[in-house]
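Okay, hi everyone, thanks for coming. I'll talk you through one structure today, so have a look at the screen and then we'll go through it together.

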2 protein chains.
Amino acid sequence: MTQRQQALNGTVSPEMITVAQYEGLDPEYVRSGVAEGTIAIPKNSKRSFPDVRGIGKGLRTKINANIGSSPYHMDIREEIEKLHAAVHCGADAVMDLSLGSELIYIRREIISESPVTIGTVPIYQTAFELSSSCRDITEMTIDDYLKTVRNQAEEGVDFMTIHSGVTLQALAALESQKRVLDVVSRGGSFLVSWMKKNGRQSPLYEYYDEILDILAAYDVTISLGDGMRPGATADATDRAQITELVTLAELTQRAWDKGVQVIVEGPGHVPLNMVQENIRLQKSLCKGAPFYVLGPLVTDCAAGYDHIAGAIGGALAAYFGADFLCYVTPAEHLRLPTVENVIEGVVASKIAAHAADLAKGMKYAIERDTEMAKARKNLDWEGQMRCCLDPDKARCTRESSEIGKDDVCTMCGEFCAIKRLNEVL
Amino acid sequence: MTQRQQALNGTVSPEMITVAQYEGLDPEYVRSGVAEGTIAIPKNSKRSFPDVRGIGKGLRTKINANIGSSPYHMDIREEIEKLHAAVHCGADAVMDLSLGSELIYIRREIISESPVTIGTVPIYQTAFELSSSCRDITEMTIDDYLKTVRNQAEEGVDFMTIHSGVTLQALAALESQKRVLDVVSRGGSFLVSWMKKNGRQSPLYEYYDEILDILAAYDVTISLGDGMRPGATADATDRAQITELVTLAELTQRAWDKGVQVIVEGPGHVPLNMVQENIRLQKSLCKGAPFYVLGPLVTDCAAGYDHIAGAIGGALAAYFGADFLCYVTPAEHLRLPTVENVIEGVVASKIAAHAADLAKGMKYAIERDTEMAKARKNLDWEGQMRCCLDPDKARCTRESSEIGKDDVCTMCGEFCAIKRLNEVL
């Protein structure tokens, strides 16, 4: 039985208890959230891992790090290093988006090494395997796709991005309007080209029930992909995006009806003034299903620093109700990220998630900020390092200065406001 | 005559024309904003520099970079390097916060080298000079202070942070409540200790008119310092902060009445959910005077990455109406920033400012985002680099990958969604 089926039966599973303990909540709250669909616990029933987490309403904002090889760069050790770096810095989930000849091997290693939930995008493997036998993704049959989904589920993948919302209707919306940048989702581009070539409805929509049957058998959480997400702020919240979102709402209900846990994916490139409405719309249409946003990036012009554009959008999105933030690294739009980029991306997302949780009044976040402020007041540097979201970087930054063992920092030195006030007040 | 006095007389000054040209606005709009006080043009009448900018309503969000030596680290060449790096990356203003024996020499060099407006905090010099003769800032007389202000005005400083809002009333508010972290403003801490020691009202409030007379004589813009700004999210929007803000509103009117241009400084550490109310409150109390925020930082726990916490708060603040963002560097709370830190801080603030201007519908920002999106669609990498807020970093990131002369990037390679869609649609 899936977590959802257990929750609907009134059973509090061990996973729900783990989630509740981590959040400091009553297990019954978690069970009822899973039953309502407002909480998902992405964990394949064939897999065990220590850091089982819930994603959704009333829980801490979670973050995901995308790793994986590309045809240009394949190094299994480096991907494992990225996995551990991401988890060390606080990633709650990792998606393996590998492409290239070693993708199966890399995925298996990541699943075996990961203490956190693992997600994939099965159509990448299907596309790569077809390509390896000189066939294009437009020649994909539903059996090719279902075989990949089944194999990955069998291997223990916990959540999968499935682009069943990229339909003829969404394509019609895309074509009947003029986007600056058509489709930037790899999965979305595969299905758009499939439909254009074959002149019929996407098999991922046509055979959605068959996909769900496999996911239900392994309790794989479906992450409903947003293949029509805007890749430019000029295209945000347009007809193609919202047509797909309406379909994702239908697909959410159909997945729930089959006992499958659901996460809904969202944009993308979204200007600051549209973040709130994007979150509210998804929450309303999808009946409170957890929302997993890719950034969002609040400008197109931050290449080299897209982790910052993503942190701005992510903080705001999470404050308005997004549950799960997909990180963006400084390498976005430019190259496959390095290990260092992964760390920068995870920390930026953690800052966004923490800032949102603080603004929502979540106790853990308020306590951490207060503990930091007290350590600052006491000029307790070790205490400050403990409260930092990345203590290694903070320590290294301080130690690179001329401060030695002094109790202030080289910014103000003896003119430290805190030190003066501690003496005066 | 100050810009304000000219504007009130109906004169459109050459500086107003420069500002209008940069913004793509009618000079009359700028004149009327300067007359109303909603726009300031910080430029000392004794100084000439090319990049004269306006700060305020209807104009692009501006950013400031703080540089300057500390007693631990004094290197004039490094400070000049920071100045040029900050301006190169898009800083509209630079504040020299130098402390240490070479502070006068460093300031003169910065003023002479800078193509942008230069700000200072005169009480730092007063405090350092007293300290050099073994006297504490609590022994400061108003003449000590006025002498510094006069000297710096004579040297050409364009705007000065003056902490006249740190009064006995604000101190009473501070003491009658319990803050986690009392005062984190250097200037604030000097004046609090002065009032505690001398048991009477701050001379910067008592002799405010005398200060204004000097500023008016040189058209130095007053930047009303927020010595009571919260240094912890737990202390945000409290009685001490708002008591000072009410005084700053009074001081704004008094400065305007003497023909002095005004900018009002604001927090600080502010959780995401309080940013909007902080901006609205300042705009209402201070009759639309330009608002200059220090970050704000949306969490206390981001040391090592405070430029990101500041970009989140800054983007939101600017969207809600803040006009001028003071950058925060990754070194904040840890050490004096390096040149590299200055660059990271400026770019993070530029992203925040740009994202806010985009969300406010400003044409320049929309055009830049659209140009970037078109370059992406065309796989025009040189075009993309031109649109980046930091082309150097973006180019370097891409070139560090295995991509060579290929037209995609190493993230997706041949599976590039944009390339596929360009072929299909």
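Let's start with where the two chains meet: chain A and chain B bury about 8,700 Å² between them, and 68% of that area comes from carbon and sulfur atoms. If you want residues to click on, try Tyr72(A), Tyr305(A) and Phe415(A), which together supply 10% of the area that chain A buries against chain B, more than any other three residues. Oh, and keep in mind that this is a predicted model.

How many residues of each chain are in contact with the other chain? It's 106 from chain A and 106 from chain B.

Now the polar side of things. The interface of chain A and chain B has 4 salt bridges. One to look up joins Lys377(A) to Asp182(B), where the closest N and O atoms sit 2.7 Å apart. Counting polar contacts between the two chains gives 33 residue pairs. Which helix gives the largest share of the side of chain A that touches chain B? That's helix H15 of chain A, residues 339–359, with 10 residues. Sort that side of chain A by class and you get 63 nonpolar, 23 polar and 20 charged residues.

Okay, on to the inside of chain A. Here 8 strands close into a barrel, in the order S3-S4-S5-S6-S7-S8-S9-S10, with parallel pairing. On average, neighbouring strands in this sheet are turned by 25° against each other, ignoring direction. A quick reminder for the newer folks: strands of a sheet pair through backbone hydrogen bonds, and that can be parallel or antiparallel.

Let's zoom in on one pair. Strand S8(A), residues 262–266, pairs with strand S9(A), residues 291–294, over 3 bridges. In that pair, Glu265(A) has Tyr292(A) in S9(A) as its bridge partner.

And the helices? Helix H4(A), residues 76–88, lies across strands S3, S4 and S5 of chain A, at about 165° to S3(A). Helix H7(A), residues 142–155, packs on the sheet too, touching S5 and S6 of chain A and making about 165° with S6(A).

Over to chain B. Its barrel has 8 strands in the order S3-S4-S5-S6-S7-S8-S9-S10, with parallel pairing, and the twist from one strand to the next averages 25°. S8(B) and S9(B) run parallel and are joined by 3 bridges, and Val264(B) stands opposite Phe291(B) in S9(B). Last stop: helix H13(B), residues 275–285, lies across S8 and S9 of chain B at about 145° to S9(B).

That's me done, thanks!

How values were computed
Residues numbered from 1 in each chain as written. Chains lettered and ligands numbered in written order. Predicted model: local features only at pLDDT ≥ 70, side-chain atom pairs only at ≥ 80, totals over all residues. Heavy atoms only, no water. Contact = heavy atoms within 4.5 Å. Buried area = accessible area lost by both parts, 1.4 Å probe. Salt bridge = Lys/Arg side-chain N within 4 Å of Asp/Glu carboxyl O. Polar contact = N/O pair within 3.5 Å; in protein donor to acceptor, adjacent residues only side chain to side chain. Helix = DSSP H or I, 4+ residues; strand = E, 2+ residues; numbered from the N terminus. Nonpolar A, V, L, I, M, F, W, Y, C, P; charged D, E, K, R; others polar. Pairing = 2+ DSSP bridges. Axes fitted to C-alpha atoms, helices over the stretch in contact; angles between N-to-C directions.
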